[in-house]
2 protein chains.
Amino acid sequence: MFLQADPYNMNCPSREILDLIGGKWAILIVCCLQQGPVRTGELMRQVGGISQKMLTQTLRNLERDGFVERISYPEVPPRVEYRLTDLGRSLSELARTMEQWVVANYATILDHRQRALETPSDHA
Amino acid sequence: MFLQADPYNMNCPSREILDLIGGKWAILIVCCLQQGPVRTGELMRQVGGISQKMLTQTLRNLERDGFVERISYPEVPPRVEYRLTDLGRSLSELARTMEQWVVANYATILDHRQRALETPSDHA
DNA sequence: CTGGATCCCACGCGATACTG
DNA sequence: CAGTATCGCGTGGGATCCAG
């Protein structure tokens, strides 16, 4: 977070990464590309529920930041593939780390949340 | 992400964690608490730019999910401290991992972004 | 000092229709 | 098939006022 600054603030470099990760689709797309290049339509299908707009928009951002490469074949009908760069693969590994953390701690979180519901604490 | 499902989707458990992390303030607060318990007002100051509302709201969520403990001293004027639980410390370690990733890759990202600006690619 | 309640805006995102 | 443009909503978040 580069959070050792004073004060801890929103203008640290990692904020952009957090926004990227926190975005609704970027991580899902990156994970879809882990196995190799994927065509646009196939991405649409693999990422369930994403709209055309968000797919393109997210891909553009990922491309701009160097996580994804766009490969356009000069054919008709058009054919486009997206594939992870080294940086993108690095990000996908970070995603796997986060996934492992979730796997390890998800039950604990749900459990605590459940008890919080049953015993609502009043902070008066 | 539990993303190995078919299709990759938004309804995986890790989504909640991504939302938490992607939220504007949660991670910053967790990092502030790494060194030990902190009082509310002190948190306000350490996390630059956060509003009262968001501070309280984020703390409530963190408390509900078991990342943070609220310690209220029966004094007047009131005094409240927040401190990380074991789960919270675990999350803060994940945050440090992410931070390290950013440190290692931030220059590359900025560089690529800069070149993308200079050489706008048209996906027509 | 801590924290709740309201009002309000920005923007992330979805739905739809349209081009090559 | 791939991508763009437009419209509209839901909600995350800020500002402000109020209470114990």
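**Exercise 1. Describe the lining of the largest pocket in this predicted model, beginning with the element that gives the most to it.**

Solution.

Step 1. Helix α5(A) gives the most to the lining of the largest pocket, with four residues.

Step 2. At least two residues of this lining are supplied by each of α5 (86–118) of chain A and, in chain B, α4 and β2 (68–73).

Step 3. The lining comprises 16 residues, and those nearest the centre of the pocket are H112(A), A116(A), S121(A), E63(B) and R64(B).

Step 4. By class, the lining of the largest pocket divides into four nonpolar, six polar and six charged residues. The space in the largest pocket amounts to about 300 Å³.

**Exercise 2. Determine how much space lies in the second largest pocket, and state which elements give two or more residues to its lining.**

Solution.

Step 1. The second largest pocket holds about 250 Å³ of space.

Step 2. It is lined by 17 residues, with D19(B), L20(B), G23(B), A26(B) and N61(B) closest to its centre.

Step 3. Two or more residues of this lining come from each of α1 (14–22) and α4 of chain B. The largest share, six residues, belongs to α4(B).

Step 4. Sorted by class, the lining of the second largest pocket has seven nonpolar, four polar and six charged residues.

**Exercise 3. Establish how chain B is related to chain A by superposition.**

Solution.

Step 1. A turn of 180°, with a shift of 0.0 Å along the axis, lays chain B on chain A with an RMSD of 0.1 Å.

Step 2. The two copies are therefore related as by a two-fold rotation axis.

Step 3. To place this axis in chain B, take the C-alpha nearest to it: that of G22(B), at 1.8 Å.

Step 4. The contact residues show that the same surface serves both copies, since 100% of those of chain B recur in chain A.

**Exercise 4. Characterise the protein surface near DNA strand C, and identify polar contacts made to this strand.**

Solution.

Step 1. DNA strand C is surrounded by 18 residues, of which K53(A), M54(A), H123(A), Q52(B) and R70(B) are the closest.

Step 2. Consider next the part of the strand that faces the protein. Among the atoms of DNA strand C within 4 Å of the protein, 66% belong to sugar or phosphate, and the rest to bases.

Step 3. A contact to a base involves the side chain of K53(A), in which an N or O atom is 2.4 Å from a base oxygen of DNA strand C. At the phosphates, a backbone N or O atom of K24(A) lies 3.1 Å from an oxygen, and a polar side-chain atom of T40(B) lies 3.3 Å from a phosphate oxygen.

Step 4. The elements giving two or more residues to this surface are α4 (52–64) of chain A and, from chain B, α3 (40–46), α4 (52–64) and β3 (79–84). Helix α4(B) gives the most, with four residues.

Step 5. The residues of the surface near DNA strand C divide into six nonpolar, six polar and six charged.

**Exercise 5. Carry out the corresponding analysis for DNA strand D.**

Solution.

Step 1. The residues surrounding DNA strand D number 18, and the closest are G41(A), Q52(A), R70(A), K53(B) and M54(B).

Step 2. Sugar or phosphate accounts for 64% of the atoms of DNA strand D within 4 Å of the protein, while the rest belong to bases.

Step 3. From chain A, a polar side-chain atom of R39(A) lies 3.2 Å from a sugar or linking oxygen of DNA strand D, and an N or O atom in the side chain of T40(A) is 3.4 Å from a phosphate oxygen. From chain B, a polar backbone atom of K24(B) is 3.1 Å from a phosphate oxygen of the strand.

Step 4. Two or more residues of this surface come from each of α3 (40–46), α4 and β3 (79–84) of chain A and from α4 of chain B. With four residues, α4(A) gives the most.

Step 5. By class, the surface near DNA strand D has six nonpolar, six polar and six charged residues.

**Exercise 6. Assign the peptide bonds from V76(A) to P77(A) and from V76(B) to P77(B) as cis or trans.**

Solution.

Step 1. As background, most peptide bonds are trans.

Step 2. In chain A, omega for the bond from V76(A) to P77(A) is near 5°, and the bond is cis. P77(A) is in the loop between β2 (68–73) and β3 of that chain.

Step 3. In chain B, the bond from V76(B) to P77(B) is cis, with omega near 5°. The loop between β2 and β3 of chain B contains P77(B).

Technical notes: Residues numbered from 1 in each chain as written. Chains lettered and ligands numbered in written order. Predicted model: local features only at pLDDT ≥ 70, side-chain atom pairs only at ≥ 80, totals over all residues. Heavy atoms only, no water. Near = heavy atom within 4 Å. Polar contact = N/O pair within 3.5 Å; in protein donor to acceptor, adjacent residues only side chain to side chain. Nonpolar A, V, L, I, M, F, W, Y, C, P; charged D, E, K, R; others polar. 1 Å grid on protein atoms, 1.4 Å probe; cavity = no way out; pocket = protein on both sides within 12 Å on 5 of 7 lines; lining within 4 Å. Points joined across faces, edges and corners; volume = space filled by probe spheres on them. Least-squares fit on C-alpha atoms with pLDDT ≥ 70 in both. Contact = heavy atoms within 4.5 Å.
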